[in-house]
Each structure stands twice: as structure tokens, then as C-alpha cells.
Amino acid sequence: MILDKNLARIAGFCYLVVIATGLFSEVFVRQALRVPNNALATAHHIKTNEMLYRWGFAADLINFVIGIPTILIIYHFFKKSNKLILQIALAMVIIQTAIIAVNLLNQITPLLLLSNDTYLTPFQPSQLATLALLSLNIQAQGYGIGLVFFGFYCMIIGYIIFKTNAIPKIIGVLYAIAGLCYLINSFTMFLSKGFANPMFMYLAIPIFVGELSLCLWLLIKGIDSSKC
């Protein structure tokens, strides 16, 4: 049998991998290579950094797989006293994962369009570049939809942490704030003209702090299962 402390550390380590792969794929791949409103420049970046782009895609897949143990271990610890609420949270994160995983098809589409000479016969390079940028724009909206469900998950888990005292209350508060920031981030994008999101840079900080604080606490201190 795995000791509770070691089980919590496994969850913390998996969460750390999730954070690292998520940052890599979003910041160092998608944000770095995509040029807003410039299809040709975006296409050029993807073609000249094709391997980096592929690694970003692979990192997202790893993110989804590695995230599953974290979610289930948290459910394992708190299910006795908060089973119904946790089941709601679990449903939220399953929906989020399914949406973003399927949405990765939009992320891989630019590679199919830009690296296959078959499409050069009916389409001009500029047209392929436009279609590639459209796919990335659709991917961004799908990602935002998925994060709405993840935002609710974070708020629920933050509430449970705050109520049980198995983890310091401040971490529960920070995690719930991270969830709220995810919701604000997504709805700001959906409701803004041209899907602009001027709030992202400000919301990214509390999101990062909230998720990293829970991750490091699980990894270093674990969970006091007697208080779950």
C-alpha cells in the first residue's frame, strides 16, 4: 500500500508536470509562434519551427494524461466528507479535458495544411496560411471553453480545502481565486470585440500562484488525511 504522504507527493509531482507542460505549450509554442492578424508570418514561424510546434502538441497530450492521477488522488483523499461536491468537480474536469483534447485537432491542422504539398494545387500559399491561422484562432476559443469548466473545478476544490483543514486554508483561497480568474479570462475573451483579451497578463499571475501553491504543498508536505 502507498502511504498517504507518498500518494500526495505523487499528485504534487504530476501537477508540477501538468504546470510545466501547460506553460511550455501555451507560452513557448502557441504564443511564441502565433502572430495575431498576420497569417503569413504565423505560417512562416510554424514551418521554420516545425519540431518545436510538434513538441508543443506532444506536451499538451502529456499534460492531459499526467493530470488524471492528480485529480483522482485529490478525489481519493476528500471523497469521504465531500463526495457529492467532489463528483461535480470531477465531472467538470472530465468535460474540460475532453473539450481541450478534441480541440487539439485544430492545433495540429496548421501542420497538415502547411507541410503537405498536396494542398498547394487547389490553394495558394496565402490561402493555406489564412486557414492555418483560422485553425489556431478556433483552437484558442476551444481552449477558453475548456477552461471555464476547469475554473469551476478549481473553485470547488479550493472551497473543499478551505473547509477541511487538511491543507492550509490560504491555499484553498488561492486555488479558488485561480479558478475565478480562469472564468474571468475566458468570458473576457468571449465577450470582447474580436475576441481580444487584455486581462490575460493580469490574471495569469494569480492563476499561476494558486495552482503552484497547491502543487508544491502536495509535493513537499502532503495531505493530513485525518482532517479530510
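## Packing of α4 and α5

Helices α4 and α5 are roughly antiparallel to each other, since angles over 145 degrees count as roughly antiparallel and their axes cross at roughly 155°. The model under description is a predicted one. Within it, α4 covers residues 125–164 and α5 covers residues 169–191, and the two axes come within 7 Å.

The crossing of this helix pair, α4 and α5, is left-handed. Sorted by class, the residues in the contact of α4 with α5 comprise 21 nonpolar, 7 polar and 1 charged.

## Packing of α1 and α3

Helix α3 spans residues 50–114 and packs with α1 at an angle of about 145°. The axes of α1 and α3 lie 11 Å apart.

The crossing of α1 past α3 is left-handed. In the contact of α1 with α3, 21 residues are nonpolar, 9 are polar and 3 are charged.

## Nonpolar surface patch

A nonpolar patch of about 530 Å² is found on the surface. Its members are L23, V27, F28, I205, F208 and V209. Two helices, α1 (4–33) and α6 (200–220), are the elements that give two or more residues to this patch. One of the patch residues, F28, lies in helix α1.

Helix α1 thus appears in two settings: in the contact with α3 and in the nonpolar patch.

## Salt bridges

The structure contains 3 salt bridges. Among them is the pair formed by R30 and E26, whose closest N and O atoms are 2.8 Å apart.

How far apart along helix α1 are R30 and E26? R30 and E26 are 4 residues apart in helix α1, so about one helical turn separates them.

Methods:
Residues are numbered from 1 along each chain as its sequence is written. This is a predicted model: local features need pLDDT of at least 70, side-chain atom pairs count only at pLDDT 80 or more; totals for chains, interfaces and linings use all residues. Side-chain values use heavy atoms; hydrogens and water are left out. Axes are lines fitted to C-alpha atoms, for helices over the stretch in contact, and angles run from 0 to 180 degrees between N-to-C directions. Angles under 35 degrees count as roughly parallel, over 145 as roughly antiparallel, 65 to 115 as roughly perpendicular and the rest as oblique. A crossing is left-handed if the near helix is turned anticlockwise from the far one by less than a right angle, and right-handed if clockwise. Ala, Val, Leu, Ile, Met, Phe, Trp, Tyr, Cys and Pro count as nonpolar, Asp, Glu, Lys and Arg as charged, and the others, Gly among them, as polar. Patches are made of residues with over 30% relative accessible area and no salt bridge: like charges are joined within 9 Å, nonpolar side chains (Val, Leu, Ile, Met, Phe, Trp, Tyr) within 5 Å. Accessible areas come from the Shrake-Rupley method with a 1.4 Å probe; for residues, only the protein chains shown count as cover. A salt bridge is a side-chain nitrogen of Lys or Arg within 4 Å of a carboxyl oxygen of Asp or Glu.
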